Number of protein chains: 2
Amino acid sequence: MKLSQLGEFGLIKNARDIFKSLNENIVVGIGDDCAAIKLRKDFLLIATTDALIEGIHFKLKYISPYQLGVKSININLSDIAAMGGIPLYALLSIAVPPSFFVKFMDEFLRGVKQGAQKYKVSVIGGNISSSKSEFSINITLLGEIEKKYMVLRKGAKAGDKIFVTGCLGDSAAGLEILKSGQWSVVSGRWKKKLIDRHLMPTPRLEEGRFLATRRLATSMIDISDGLASDIRRICEESKVGANIFTKNIPISKELKYFPSPQLRTPNSELRTSLNFALYGGEDYELLFTVKPEKVGKLKSLWEDMKIPITMIGEITKRGVNLVNTDGKAIPLTKEGYNHFKG
Amino acid sequence: MKLSQLGEFGLIKNARDIFKSLNENIVVGIGDDCAAIKLRKDFLLIATTDALIEGIHFKLKYISPYQLGVKSININLSDIAAMGGIPLYALLSIAVPPSFFVKFMDEFLRGVKQGAQKYKVSVIGGNISSSKSEFSINITLLGEIEKKYMVLRKGAKAGDKIFVTGCLGDSAAGLEILKSGQWSVVSGRWKKKLIDRHLMPTPRLEEGRFLATRRLATSMIDISDGLASDIRRICEESKVGANIFTKNIPISKELKYFPSPQLRTPNSELRTSLNFALYGGEDYELLFTVKPEKVGKLKSLWEDMKIPITMIGEITKRGVNLVNTDGKAIPLTKEGYNHFKG
């Protein structure tokens, strides 16, 4: 059955059934003019919104509706993680062509629900509209944070050490494999790992919260547009510079397999693991700065965490540079993904 | 200059400058991973999200970017009004083709700002993305309300009187005039009035708040899809029926001029003022129910309000009917605008 046969009211009813929620703080959930929620006293409300647009952020030939649902909630959760916050509620707004199948939409909504439930987030409202040709998703995520724990982009000082969680570049490499059309070949688990990192990135909520509540990070951001671009955001907001040490950038063993001679991709410029890490984007790892005197404490406290962290550079007074293995610093001018520049 | 020349970072900077805000409760505004705000204790947070999609909700040949900006904030404010709430903060998410002009975007953002400022709303965050062909706008509006004052869609009881603010049908008639291509003819102020009602609807915030804080309404909704559709929502949520009296439905003097013999519109079925009022949608007037014993109090308290109210029917046990001038009740089955049905 197509959405045009089910109709708007049927579609809203389906969504309402899927996201039925019993949280005692939700005074009004899906189905009225607004949702109404009770928040804890002495916490700040945090809010973030992000979109996924068909043809720009995803192509339906590469991603299943379920994966898209999970991804759309996870990229928003990543913004909450980058503040050190606790995610609570989501508002989901979608625009979809009437020719889409009801089953597609159900799978998508189940993905959103699965992603949300994993982090105890309730979908409390939203909006479903038809579109002419593009499927687009907009999620607003609400959460809470204690003011004293909040970690902003500003706050980095010269001398601070720069860290990242996990590995960088996997997601962009996964996308290249998808684009190459060679991803259906069962040629190795490394391809699947890279693809999964692109299709279903994990928000580093536990890690962000850990850093915030132990007051270990002086600034933090999630890497959505690539390290080169996002370190620049930290530097601009903090009015500082940075040296990134090439040899320290964490590259997964899967990404080290890449570029494979079997792969033919149009984007040859990007086909080194370093370039994927610097400019690829969509890793949704946390990039944060730590006072030098706290690095020891960070490392010992971090021992029980599942995701490793790596020191990749240090904050300077000005200029954003890449320091090569021979110690030569070159300006890191190239930006990550820019929506409006060709 | 086109957006593709300005680039994403320039565009975000422009938006940040436009929406610069000094509200003491905004701890973090535009420009970090999340916005962070302080809320008043003992209030519920209310949240709503709504979208405007090019080609579905608007055509750029009929509406200026400034008007579109105002409208996109106002339709969300209308949802806050329909709960009796106080609007506070907006998150603005837009997707726009890179070929659009920077001037277009500036005008649009100025419209959003103007609409927001009028009701003391601060834009605290958002997201700008490119799209392939469609310009789409998604706004999430946050506000607050005292739990004891909140008016939901459920709450209507058999015997309650049904009221609306203002007049119905103007917006849809305005759209028909725009579609007819005859709106540039300076043939009378009535056309302009109807068109303005379509392009820049007014959210009934003061009216909604008034009804809520005086505890005059047992249920409330804003009319976005047309009276026929939205009275049905009240009835479904409240598990009741309704009789709507045709002769009571408030029609503006401007709409009474319509249909004009000068106008040729393809949608002849809709071309009576009653049909516009029932099925037209986008009036953003408030539809609410009042206990019979409170009708007198409502009328006397309402005397100083700018927008009139009209009693258009009463809540029954079941069935949604239209009662004609001869007293004959016919089922009001036809729905207002449905996004997914042809």
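## A tour of the two-chain model

The crossing of α2(A) and α3(A) is right-handed, so let's open there, keeping in mind that everything on screen is a predicted model.

**Stop 1: the helix pair.** Select residues 65–81 of chain A for α2 and residues 102–118 of chain A for α3. Their axes come within 6 Å and cross at roughly 40°, which makes α2(A) oblique to α3(A). Now show side chains at the contact: on α2(A), pick residues including Tyr66(A), Leu68(A), Val70(A) and Ile73(A); on α3(A), try Phe104(A), Phe108(A), Leu109(A) and Val112(A), among others. Colour the contact by class and you get 10 nonpolar, 7 polar and 2 charged residues.

**Stop 2: the sheet.** Stay in chain A and bring up the open sheet of 7 strands, in the order β8-β10-β7-β11-β9-β12-β13, with mixed pairing. Which strands stand at the edges? Select 219–222 and 329–331 of chain A: these are β8 and β13, each with a single partner strand, so one side of each has no neighbour in the sheet. Look along the sheet and follow the twist, which averages 30° from one strand to the next.

Next, zoom in on β7 (residues 161–165) and β10 (residues 286–290) of chain A, which run antiparallel and are joined by 4 bridges. To find one of the pairs, click Lys161(A); its bridge partner in β10(A) is Val290(A). Then add residues 205–213 of chain A: this is helix α6, packed on the sheet and touching β7, β8 and β10 of chain A. The direction of α6(A) makes about 15° with that of β10(A).

**Stop 3: both chains.** Zoom out until chain B is in view too. A 180° rotation with 0.0 Å of shift along its axis puts chain A on chain B, at an RMSD of 0.0 Å. The two copies are therefore related as by a two-fold rotation axis. Where in chain A is the C-alpha nearest that axis? Label Lys41(A): its C-alpha is 3.2 Å from the axis. Both copies use the same surface, with 100% of chain A's contact residues recurring in chain B.

**Stop 4: the interface.** Select the contacts between the chains: 63 residues of chain A meet 63 residues of chain B. Chain A's side has 30 nonpolar, 20 polar and 13 charged residues. Strand β3 (residues 44–53) of chain A gives the most to that side, with 9 residues. Finish by adding β2 (residues 35–37) of chain B, which pairs with β3(A) in the antiparallel sense over 3 bridges. Click Ala47(A) and you'll find its bridge partner in β2(B), Ala35(B).

Key. Residues numbered from 1 in each chain as written. Chains lettered and ligands numbered in written order. Predicted model: local features only at pLDDT ≥ 70, side-chain atom pairs only at ≥ 80, totals over all residues. Axes fitted to C-alpha atoms, helices over the stretch in contact; angles between N-to-C directions. Helix = DSSP H or I, 4+ residues; strand = E, 2+ residues; numbered from the N terminus. Parallel < 35°, antiparallel > 145°, perpendicular 65-115°, else oblique. Left-handed = near helix turned anticlockwise from the far one by under 90°. Contact = placed C-beta atoms within 7 Å. Nonpolar A, V, L, I, M, F, W, Y, C, P; charged D, E, K, R; others polar. Pairing = 2+ DSSP bridges. Least-squares fit on C-alpha atoms with pLDDT ≥ 70 in both.
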